[in-house]
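Biologist: Could you take me through the aromatic part of this protein, up close? I'd like to know which rings pair up and what surrounds them.

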Amino acid sequence: MNVGIYGQHPDIKPGFNSAMTMNWILALGQSKSVKKITLYINSDFKLAGELSFWGLNINLVYIANGEQFSNQHDVLIWQTYHPHDHKRYWSAYSSGDYLKV
């Protein structure tokens, strides 16, 4: 299974959103049925450095306003509670051809 998550990362923005996103990543990273995990992060938070994923192989994509999420995912998890994310990315998320969680 190919899984995408739109969320946060604690190295960028600490708090509940980041904790929940990383809980998804840790749990899915241990599943034998999940072959690929992609974390989408708002491009406003793009850093020059590496982010820590505790040894898990994660595809990291910084997504800009108006950019589409890949339709290669079987599932895409919406893991953000911020109104600015909803305004900028919900339309792209909701129009995708993947199971939405």
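**The aromatic cluster**

Modeller: Ring pairs join Tyr6, Tyr40, Phe69, Trp78, Tyr89, Trp90, Tyr93 and Tyr98 into one cluster. Keep in mind that this is a predicted model. Across the structure there are 10 aromatic pairs, so let's zoom in on two that share Tyr93.

Start with Phe69 and Tyr93. Their rings meet edge-to-face, 6.2 Å centre to centre and with 85 degrees between the planes. Phe69 comes from the loop between S3 and S4, while Tyr93 belongs to helix H2, so this pair ties together parts that are 24 residues apart in sequence. What about solvent: are these two buried or exposed? Phe69 is buried, at a relative accessible area of 3%, and Tyr93 is buried too, at 2%.

Now turn to the other side of the story, Trp90 and Tyr93. This pair is tilted, with 5.1 Å from centre to centre and 40 degrees between the planes. Both residues sit in helix H2, 3 residues apart, which is about one turn of the helix. Trp90 counts as partly exposed, because its relative accessibility is 33% and the cut-off for buried is under 20%.

Next, the nonpolar packing. The largest nonpolar core has 16 residues, and Ile5, Ile25, Leu28, Ile37, Leu39 and Phe53 are those with the most contacts inside it. Strand S1 (2-6), helix H1 (16-29), S2 and strand S4 (75-78) each supply at least two of its residues. Apart from that core lies another, of 10 residues, and here you meet some of our rings again: Tyr6, Tyr93 and Tyr98 are among its members, as is Ile63.

For a feel of the 16-residue core, pick Leu39. Setting aside neighbours within four places in sequence, Leu39 is in contact with residues including Ile5, Thr21, Ile25, Phe53, Ile58, Leu60 and Val61. Its contacts also include Gly7, Gln8, His9 and Asn59.

One last thing about helix H2, since it also holds a charged partner. The whole structure has 1 salt bridge, and Arg88 forms it with Asp44, the closest N and O atoms being 2.5 Å apart. Arg88 lies in helix H2 (residues 83-94) and Asp44 in the loop between strand S2 (36-42) and strand S3 (59-63), so the bridge ties together parts that are 44 residues apart in sequence. Arg88 is partly exposed, at 23% relative accessibility, whereas Asp44 is exposed, with a relative accessible area of 52%.

How values were computed: Residues numbered from 1 in each chain as written. Predicted model: local features only at pLDDT ≥ 70, side-chain atom pairs only at ≥ 80, totals over all residues. Heavy atoms only, no water. Salt bridge = Lys/Arg side-chain N within 4 Å of Asp/Glu carboxyl O. Helix = DSSP H or I, 4+ residues; strand = E, 2+ residues; numbered from the N terminus. Buried < 20%, exposed > 50% of the residue type's maximum accessible area, 1.4 Å probe, protein only. Core = buried A, V, L, I, M, F, W, Y, C linked by side-chain atoms within 4.5 Å. Contact = heavy atoms within 4.5 Å. Phe/Tyr/Trp six-rings, centres within 6.5 Å; stacked < 30°, edge-to-face > 60°.
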